[in-house]
Amino acid sequence: MDLILKNAVIPQGDRKVATNIMVDNGEIIGFTNALNGLSADEIIDIKGNLVVPGCIDPHTHFMDPGFTHRETFRTGSRSAAAGGITTHIDMPCCSKPSVRDGESFHKKLDPLKDQAYVDFCFWGGMTGEDVREGWLDNIYPQIEEGVVAFKVYMTPSVPTFPKVTDAEMLEIFSHIAPTGMPIGVHAENYDICTFYTEKLKKEGRMDGPAWAEARMPLAEKVAIQLILSYAEATGARVHVVHMSTKEGVEIVKEAKKRGVKVTSETCPHYLVLNAQDSMTERGTFAKIAPPLREKEDNVVHWQALADGTIDFVGTDHAPYEIETEKDAADSDIWNSFPGIPGVETMVQILVSEGLNKGRLSLSRFVEVTSRNAAIHYGIYPKKGSMELGSDADFTVIDLDREYVIDEQQTESMAKYNPLHGMRLKGKPIQTIVRGKVVYDEDNGGIVGDAGYGQFVKRQSIQRLDRGIKYETYEEGAKEAESQQRVEKALTQN
């Protein structure tokens with residue numbers, strides 16, 4: 001075989017089980033308690049560290065092609081590898097062109113094929129312009145190319161990705177609903193955010209927390225309520241991206257009880273930072289949309305992540321150039337660009353502040369860092385799993401390693417991070433993609449060259465006339481249950 005990971009500890013539910021993992025042709029082929037008589041081209045001693053299914057960041061903006069003064073696909077992918085991420089899912093908007101049809105899909109993918117250190121998927125896009133110009137059928141070539149979901153903005157993104165009006169969003173939901181594809185929505189009410197931004201500017205507010213005050217929690221609350229109303233009316237499968245408020249958590253929880261097809265994600269910064277402290281101290285370097293909230297929101301989000309209201313975590317990794325976009329000579333809290341890096345620190349936060357502090361059980365940690373996102377975006381059990389036949393993607397974690405986040409020590413081009421200075425315990429130290437080590441903390445960091453990472457298409461396609469039907473999140477979960485297979489393999493030798 002190609003590879004053996006010896007002396008590994010893997011999750012079995014909430015238990016940790018010692019084993020040796022066998023890999024061949026980039027896939028998991030077995031587990032064994034003893035290595036007598038077994039050989040491999042490469043044997044890596046994991047030294048008793050925790051090995052979990054390769055972590056997934058389902059929400060990144062790697063800015064390439066088109067905005068490479070901020071980040072390149074190469075540097076973003078290196079940053080993902082250094083953070084224990086084996087697969088990331090890139091958004092359609094922050095590239096030139098934005099991904100909104102088959103042609104623009106290839107204009108993004110083709111230049112990036114040889115740039116990645118880890119595997120990647122793409123979001124597709126739909127905008128208000130697509131509705132006005134009669135281009136809604138552009139969803140089909142995107143689906144056929146393998147995008148995993150569609151993104152819609154209720155507030156402006158980049159000029160090539162116009163926001164939707166309420167009616168335009170309803171039309172998009174109605175068109176995509178029959179395909180079963182997830183629709184991710186940036187949930188902030190445009191009119192509220194715009195009105196109160198102008199109001200506070202006129203009042204002379206220039207302090208950091210003013211940004212959060214203008215884009216108040218009510219703006220997210222009413223946006224989510226509208227999204228859920230449209231989902232109920234159309235049968236669309238909706239996903240609330242980067243949910244930030246306790247009000248949003250409560251609305252989503254109640255909608256799930258009613259059987260609405262809704263999922264949600266949050267970001268690490270909404271778990272550990274608050275607007276008053278971080279935006280007072282870091283100003284524009286802590287500016288993001290939706291903004292940071294309050295300490296109470298942090299607590300509620302941890303609880304929602306643990307109880308299943310929030311399905312998984314993504315970073316919304318969206319770095320900007322410090323000199324021209326975050327801290328230019330004429331910049332202030334209103335005109336600086338809203339976005340922060342995060343792909344390198346997501347797993348760190350969830351290990352240290354979640355798993356190690358008991359906010360997340362081991363099984364739930366696996367679900368929110370890999371399994372649920374993989375199921376939701378149709379790449380499970382190829383990704384997000386440690387089944388026999390799954391891709392040999394692993395994140396190796398030293399649960400006892402203590403360190404401090406340093407914004408200057410990052411593979412990303414963005415040398416700023418509002419998490420700078422946080423003391424953490426528990427860190428991803430090795431990242432393995434399809435049986436190949438791409439990052440090794442204790443042996444030089446990044447291993448190998450760009451180009452190893454591959455584009456991963458959404459799986460489980462069933463063509464229905466012009467539409468395309470996908471398994472639902474719940475159906476995928478039921479179909480993919482396979483812990484018993486791993487348990488059986490562990491007992492064999």
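**View 1. Ile-4 faces Ile-43 across paired strands.** In this predicted model, Ile-4 stands opposite Ile-43, a residue of strand S4. The two strands here are S1 and S4 (residues 42-45), which run parallel and are joined by four bridges. Strand S1 itself spans residues 3-12, and eight of its 10 residues are buried, so the rest of the structure largely encloses it.

**View 2. Strand S1 also pairs with strand S2.** Here we turn to the partnership between S1 and S2 (residues 15-24), where eight bridges join the strands and the run is antiparallel. Look for Leu-5, whose bridge partner in S2 is Ile-21. Two residues lie between the strands of this hairpin, and Gly-13 takes a positive phi near 65 degrees.

**View 3. A buried salt bridge joins Glu-325 and Arg-70.** The structure holds 31 salt bridges, and this view shows one of them, in which the side chains of Glu-325 and Arg-70 meet at 3.1 Å, N to O. Glu-325 belongs to helix H13 (residues 322-326), while Arg-70 sits in the loop between strand S6 (55-60) and helix H1 (73-82), so the pair ties together parts that are 255 residues apart in sequence. Are these two residues buried or exposed? Both Glu-325 and Arg-70 are buried.

**View 4. Lys-256 meets Asp-311 in a salt bridge.** The closest N and O atoms of Lys-256 and Asp-311 are 2.8 Å apart. Once again distant parts of the chain are linked: Lys-256 lies in helix H9 (residues 246-257), and Asp-311 lies in the loop between helix H12 (295-307) and strand S14 (312-313), 55 residues apart. How does each partner sit with respect to the surface? Lys-256 has 26% relative accessibility and so counts as partly exposed, whereas Asp-311, with a relative accessible area of 5%, is buried.

**View 5. Asp-391 and Lys-382 form a salt bridge within a network.** In this pair, the closest N and O atoms of Asp-391 and Lys-382 are 3.4 Å apart. Asp-391 counts as buried because its relative accessibility is 4%, under the 20% cut-off. Lys-382, by contrast, is partly exposed, with a relative accessible area of 32%. Which residues join these two through shared salt-bridge partners? Asp-119, Lys-383, Asp-393 and Arg-434 belong to one network with Lys-382 and Asp-391, built from salt bridges that share partners.

How values were computed. Residues numbered from 1 in each chain as written. Predicted model: local features only at pLDDT ≥ 70, side-chain atom pairs only at ≥ 80, totals over all residues. Heavy atoms only, no water. Buried < 20%, exposed > 50% of the residue type's maximum accessible area, 1.4 Å probe, protein only. Pairing = 2+ DSSP bridges. Salt bridge = Lys/Arg side-chain N within 4 Å of Asp/Glu carboxyl O.
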